[in-house]
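Let's take a friendly walk through a protein model together. Have the sequence and the 3D view open while you read.

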There are 2 protein chains.
Amino acid sequence: MTFVDPLPQTVQFHLDKHCQNTHARAGTLKTLHGMVETPIFMPVGTAGTVKSLCPRDLVDLKVQLLLGNTYHLYLRPGCDIIRIFGGLHEFMQWHGPILTDSGGFQVFSLAKLRDVSDDGVLFQSHIDGSRHMLTPQSVVDIQDCLGSDILMCLDDVVPYPCDHTRIQDALTRTHKWAQECKDAWLKKKTHSALFGIVQGGMIKDLRRQSIDALNEIDFPGYAIGGLSVGEPQSLMYEIGAYCLDLLPQSKPRYIMGVGTPADLVHLVAAGCDMFDCVMPTRNARNGQLFTSRGTINIKNAAYKEDTGPVDPECNCYTCRQFSRAYLNHLYRSRELLAYRLNTIHNIHFYIQLMKCMREAILEDRFELFSKSVLSVYARTSVAS
Amino acid sequence: MTFVDPLPQTVQFHLDKHCQNTHARAGTLKTLHGMVETPIFMPVGTAGTVKSLCPRDLVDLKVQLLLGNTYHLYLRPGCDIIRIFGGLHEFMQWHGPILTDSGGFQVFSLAKLRDVSDDGVLFQSHIDGSRHMLTPQSVVDIQDCLGSDILMCLDDVVPYPCDHTRIQDALTRTHKWAQECKDAWLKKKTHSALFGIVQGGMIKDLRRQSIDALNEIDFPGYAIGGLSVGEPQSLMYEIGAYCLDLLPQSKPRYIMGVGTPADLVHLVAAGCDMFDCVMPTRNARNGQLFTSRGTINIKNAAYKEDTGPVDPECNCYTCRQFSRAYLNHLYRSRELLAYRLNTIHNIHFYIQLMKCMREAILEDRFELFSKSVLSVYARTSVAS
């Protein structure tokens with residue numbers, strides 16, 4: 001069933017500029033909780049906090065859009081508690097825009113048991129083993145309860161590699177669920193947006209089918225799922241670019257779970273607007289820091305006596321105040337402050353990278369800028 | 001050997017006011033890195049950080065004096081590294097006053113092997129098993145390298161309970177070391193102060209001997225060690241008050257490693273000026289929070305849906321911004337932010353308690369104020 005109502009005009013996307021030499025674009029996404037300038041990177045705030053940071057840190061870091069994980073928040077603290085606060089914004093005291101995933105990917109990657117039917121996904125909590133079911137209706141209900149500005153559809157996630165029949169099968173289900181999510185969302189009449197998720201594995205024909213099916217349903221924005229799941233980088237870029245090319249120009253496009261600095265540059269060049277990834281935060285907690293000269297691991301003995309900042313080009317709190325030697329000491333001493341200072345630095349790096357890409361697009365020098373990043377990061381080994 | 005030089009007048013103590021009904025006093029300690037208003041509580045920054053906090057958090061919390069642990073800093077990162085930075089202030093970017101202990105107590109409580117002779121203490125690092133020796137000369141050298149504003153003498157720490165002979169033996173050694181520390185410190189001609197440490201177990205006669213011996217050597221300030229080591233609370237108060245009574249009025253007095261809010265009130269009333277304790281920081285990391293109505297454990301299921309702040313009377317960042325339900329969620333999710341927000345709250349509580357005691361002394365209402373705190377905390381169970 002397709003609703004004939006027009007899409008609610010609450011989250012609006014405006015294209016500010018196209019790059020003349022690539023598919024890169026700069027845009028503005030208007031949400032109830034504020035403006036988001038694209039291309040944008042969303043730090044991952046899994047369980048109602050970006051690990052080790054306060055909301056005021058995120059404001060200081062000029063984070064514009066935060067990702068929350070529905071799977072985690074649904075299991076703990078649960079909707080009953082978040083509903084008391086009127087949503088995640090008030091619960092965690094982050095007053096900027098929030099995008100939540102549907103939980104489908106975490107059920108696939110974290111839950112103990114996973115039983116997919118056309119109705120939804122039955123799973124067992126990784127926390128206490130309790131059984132739960134996510135359905136297209138329930139993921140919209142949960143994300144609506146969280147008060148997300150951008151909701152994601154439930155999708156059927158397949159492993160990589162995966163055979164054609166299984167992918168096709170999952171795709172049919174993903175499209176059925178997409179329609180059901182849209183129906184559930186429209187009934188909410190909220191100020192949020194709902195994004196459809198393109199699937200289809202590494203098979204271009206299936207990706208095209210997926211985009212056609214989602215276009216038919218019509219969403220305020222589109223995500224590309226099923227990338228960065230173990231495939232070669234070149235294949236990820238190829239499939240990503242293929243999908244981006246087919247998606248409607250006027251809608252925001254989001255590639256989920258990606259990626260390294262090089263990935264972001266490649267995929268912005270291919271026309272992507274939005275990204276999320278645990279890389280800057282998780283790697284920070286493992287001591288890997290992103291710098292204008294490549295990555296460094298602060299645990300390295302070479303930094304024990306190094307009085308310089310992590311990155312002389314960086315203006316973050318960590319680099320303005322502290323030396324590599326101090327950060328090395330904190331990390332080796334397993335001090336909680338190590339995780340915090342490293343996370344501040346890495347998020348700052350990612351946010352600045354996106355800001356610089358946007359400025360470069362607006363000033364017609366994106367190609368030059370992207371080359372300068374890739375000259376460092378195309379060959380940089382990034383832990384994952 | 002007693003030096004005839006006058007004490008360097010770099011750290012100065014001024015008594016601002018005596019309480020009329022108790023022995024409580026308000027004073028001001030002037031150091032090269034700033035003024036310290038007493039009575040004062042020093043948060044413990046063991047390894048160059050108050051666990052989970054940045055130096056700017058300490059400034060926000062109005063911390064006036066920070067404690068650093070010589071044992072930890074000597075072992076890691078070591079003096080060679082801290083010397084490159086010209087001291088701990090620059091290394092950790094805390095620009096207020098620092099007091100460091102001598103390491104003696106940590107050798108006693110943490111090190112694997114401990115062999116005490118009249119020369120010093122031989123011990124094995126709890127980190128890598130390496131062997132080291134702390135002597136009166138070396139603890140002054142290390143603390144001087146750290147750039148401490150207030151240094152502590154090396155003392156011979158005995159367990160509790162302990163027999164008279166062993167205490168007497170340790171006391172003789174403690175006094176010998178105190179003289180050697182004083183000699184070493186005078187030769188430094190620094191802007192720091194050196195405090196002697198009164199020992200003598202729970203035996204008043206030995207405590208009196210100790211105070212006489214240290215007075216003879218003459219220090220800019222005096223600490224009382226060997227309390228809060230397992231003895232009954234009433235005995236701690238009795239021995240503490242006994243020592244405080246005998247110490248010179250004009251010098252600052254510091255009881256080491258104490259204590260609960262009730263302990264602080266009792267011992268300020270007995271004339272103590274300075275305290276340090278891991279209690280607010282360690283208990284924060286275990287979920288125990290101090291409030292104007294007693295302690296709560298934020299892990300408790302009763303707080304799962306509680307939208308109120310930890311303490312309605314509290315003005316700290318944690319209480320201004322977050323609910324008990326959110327803190328309960330963070331703690332149950334083992335989120336790093338839990339440790340940070342809890343620590344901010346508990347340090348704020350301790351700092352405010354001391355500030356209120358000082359104001360009450362200055363305004364001739366200390367007795368009334370202390371009763372109001374004790375009406376809550378004298379019977380409150382505090383985890384340790």
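A good place to start is one helix of chain B: because 22 of the 27 residues of α14(B) are buried, this helix is largely enclosed by the rest of the structure. Here, a residue is buried if 20 or more other C-beta atoms lie within 10 Å of its own, exposed if 12 or fewer, and partly exposed in between, with C-beta atoms placed from the backbone. Helices (H or I, at least four residues) and strands (E, at least two) are DSSP runs, numbered from the N terminus.

Before going on, please note that this is a predicted model, in which local features need pLDDT of at least 70 and side-chain atom pairs count only at pLDDT 80 or more, while totals for chains, interfaces and linings use all residues. Residues are numbered from 1 along each chain as its sequence is written, and chains are lettered from A and ligands numbered from 1 in the order in which they are written.

Back to the helix. α14 of chain B covers residues 336-362 and reaches 40 Å from its first C-alpha to its last, close to the expected 39 Å (1.5 Å times one less than its number of residues). After α14(B) comes Asp364(B), with a positive phi near 55°.

How are the two copies related? A rotation of 180° with 0.0 Å of shift along its axis places chain B on chain A, with an RMSD of 0.0 Å. The copies are thus related as by a two-fold rotation axis. The superposition is by least squares on the C-alpha atoms of residues with pLDDT of at least 70 in both. Within chain B, Leu336(B) comes closest to the rotation axis, at 3.7 Å (C-alpha).

Now look at where the chains meet. In chain B, 30 residues are in contact with 30 residues of chain A, where contact requires C-beta atoms, placed from the backbone, within 7 Å. Elements giving two or more residues to this side of chain B are α3 (79-84), α4 (88-92), α13 (324-332) and α14. α13(B) gives the most, with 5 residues. Since 100% of the interface residues of chain B are also interface residues in chain A, the copies meet through the same surface.

Next, consider chain A as a whole. Chain A has 15 helices and 16 strands. Its C-alpha trace spans about 65 × 50 × 40 Å along its principal axes. Of the 384 residues in chain A, 55% are buried.

Some backbone details deserve a look too. Most residues other than glycine have a negative phi, and most peptide bonds are trans. The table lists two residues of chain B with a positive phi.

| Residue | Phi | Loop in chain B | C-beta neighbours inside 10 Å |
|---|---|---|---|
| Lys62(B) | about 60° | between α1 (55-60) and β5 (66-68) | 14, partly exposed |
| Gln93(B) | near 65° | between α4 and β6 (98-100) | 18, partly exposed |

Which peptide bonds are cis? One runs from Arg76(A) to Pro77(A), with omega near 10°, and Pro77(A) is found in the loop between α2 (70-75) and α3 (79-84) of chain A. Another joins Thr38(B) and Pro39(B), with omega about 0°. Pro39(B) is found in the loop between β3 (34-38) and β4 (40-42) of chain B.

Key:
Two residues are in contact if their C-beta atoms, placed from the backbone, lie within 7 Å.
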